[in-house]
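Me: I have a structure to go through with you. Please keep the answers short and show how you get to each one.

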Amino acid sequence: MEVTIVGAGLVGCLLACYLARRGHHVTLYERRPDPRDRGPDRGRSINLAISRRGIDALRRLALDGKVLHAALPMAGRMIHAPDGALTFQPYSADRSQAINSIGRADLNRELLEAAAAQPGVEVRFGCRLTGLDERTGRLRFASGEEAEARVVIGADGAYSAVRARLQQLPGVSFSQEYLDYGYKELSIPAGNGGFVLDPGALHIWPRGRSMMIALPNPDRSFTCTLFWPHSTLDSLDTPQRIRAYFAEHYPDAFGLMPDLIADYRANPVGHLVTMRCSPWHVRNADTVVGLVGDAAHAIVPFYGQGANCGFEDCVELDRCLDEAGDDFPRALELFERRKADTDVIARLALDNFVEMRDKVGSRLFLAGKRLEHALERTLPGYVSRYELVSFSTTPYSQVERRVARQRRIVVAAGAALAALAFAARRGRGLVRTPEAD
């Protein structure tokens, strides 16, 4: 089958590898120039945290070793208090689990090279989609080039041109929900050839309604990202205000950021948006158009699941093609079942923003985490929500049901133990009863 994928980002490249493995001829269209011929766009990315779901998708194509070779494992969060005090919060009870920091541009290059090396895959750069006729499969590009395809898959991100066309069709619903927050990239360089912060942790400076995070890079620098209300981002409009704000709110990081003023003033502000679309495909007599990744279900980055979720899309679509015997219209119809999972992770990602910017610094939260890890060590099969999301391939839609079931079991067990303890005390005459009085 001749398949056209619009978008040669992370998901588009990985999907091309999956489809090429099935023997399909794939043409990848990308609006940007070839990223291998130029450096990454500075100030426009959030480091990725690749975890179990993403690794599973890469492993199925034997790409995990090469990708993870350039990644740095982070076994927990390092919380930076306003006074500079540090608290490490491991992701798992035995500290054996880690998420992996990797730059988006580095990962994109690896996947692009993997896709381009596949027999039957052609990549065309500088092709910005400007028109799509879903009835005929005709595509038009800003360059004036045209093409036709019976199968068109939009993997072109949150602001997908393919989805923009589908949104105009009867029966296709679409919604977008913006946070009143923006994000901005900064950096902490290496010091004396080494890391100036612990490279084995995801660093968080929680400050109530805002936060900064930092993830390590192989060159021993850290990529920092501010998640601030737009009003705060806009208010720091002079070097003096930038310095004063960081010296007050991030004193332990302020001295590690020699390029703070230049980066803050030069790097753009990104937007945080959740996008939902239904259905994800439109079928006609001779053509089918579908969506994957952010084009179908963009989420905010606060659970570190954007890329992992998109990679898992590729696994699920590959599974649907197995079930449908490589009938793409049928496979894309089956793929719609994934929406139950993506709706859940979209909500969990929004909820986790509140946890990261506010709760992680509280004593009550820390006590809850210690209790959760104690339950994991003592109760067979008990797994926290975070571990189910990040360190398993349990469908997102099943995670909350399992967590709720575990909590019911713990509550019931606690009540039973309390009843047994009461009965034992009463049997020893240690509990006075109304009759005794």
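Me: Which residues does Phe311 touch, not counting residues up to four places away in sequence?
Reply: This is a predicted model. Contact here means heavy atoms within 4.5 Å. With that cut-off, Phe311 touches Leu10, Val11, Leu14, Ile50, Gly54, Ala57, Leu58, Leu107 and Leu111.

Me: Which helix gives the most to the largest nonpolar core?
Reply: The largest nonpolar core has 70 residues. Phe311 is among those that touch the most other members, and so are Leu14 and Leu107. Ten residues of this core come from one helix, residues 10–21. That top contributor is helix H1.

Me: How many residues are in the other core?
Reply: This core lies apart from the largest one. Its members include Leu179, Phe227, Met356 and Leu388. The count is 36 residues.

Me: Which strands stand at the edges of the open sheet of seven strands?
Reply: Read the order: S6-S5-S14-S15-S16-S13-S17. An edge strand has a single partner, so one side of it is left without a neighbour in the sheet. That fits strand S6 (86–90) and strand S17 (270–278).

Me: What is the bridge partner of Tyr183 in S16?
Reply: Strand S13 covers residues 173–188, and strand S16 covers residues 222–229. The two run antiparallel, joined by eight bridges. In S16, the partner of Tyr183 is Phe227.

Me: What angle does the direction of helix H13 make with that of S17?
Reply: Helix H13 (residues 339–357) packs on the sheet. The strands it touches include S5, S13 and S17. Its direction and that of S17 make an angle of about 155°.

Terms used: Residues numbered from 1 in each chain as written. Predicted model: local features only at pLDDT ≥ 70, side-chain atom pairs only at ≥ 80, totals over all residues. Heavy atoms only, no water. Pairing = 2+ DSSP bridges. Helix = DSSP H or I, 4+ residues; strand = E, 2+ residues; numbered from the N terminus. Axes fitted to C-alpha atoms, helices over the stretch in contact; angles between N-to-C directions. Core = buried A, V, L, I, M, F, W, Y, C linked by side-chain atoms within 4.5 Å. Buried < 20%, exposed > 50% of the residue type's maximum accessible area, 1.4 Å probe, protein only.
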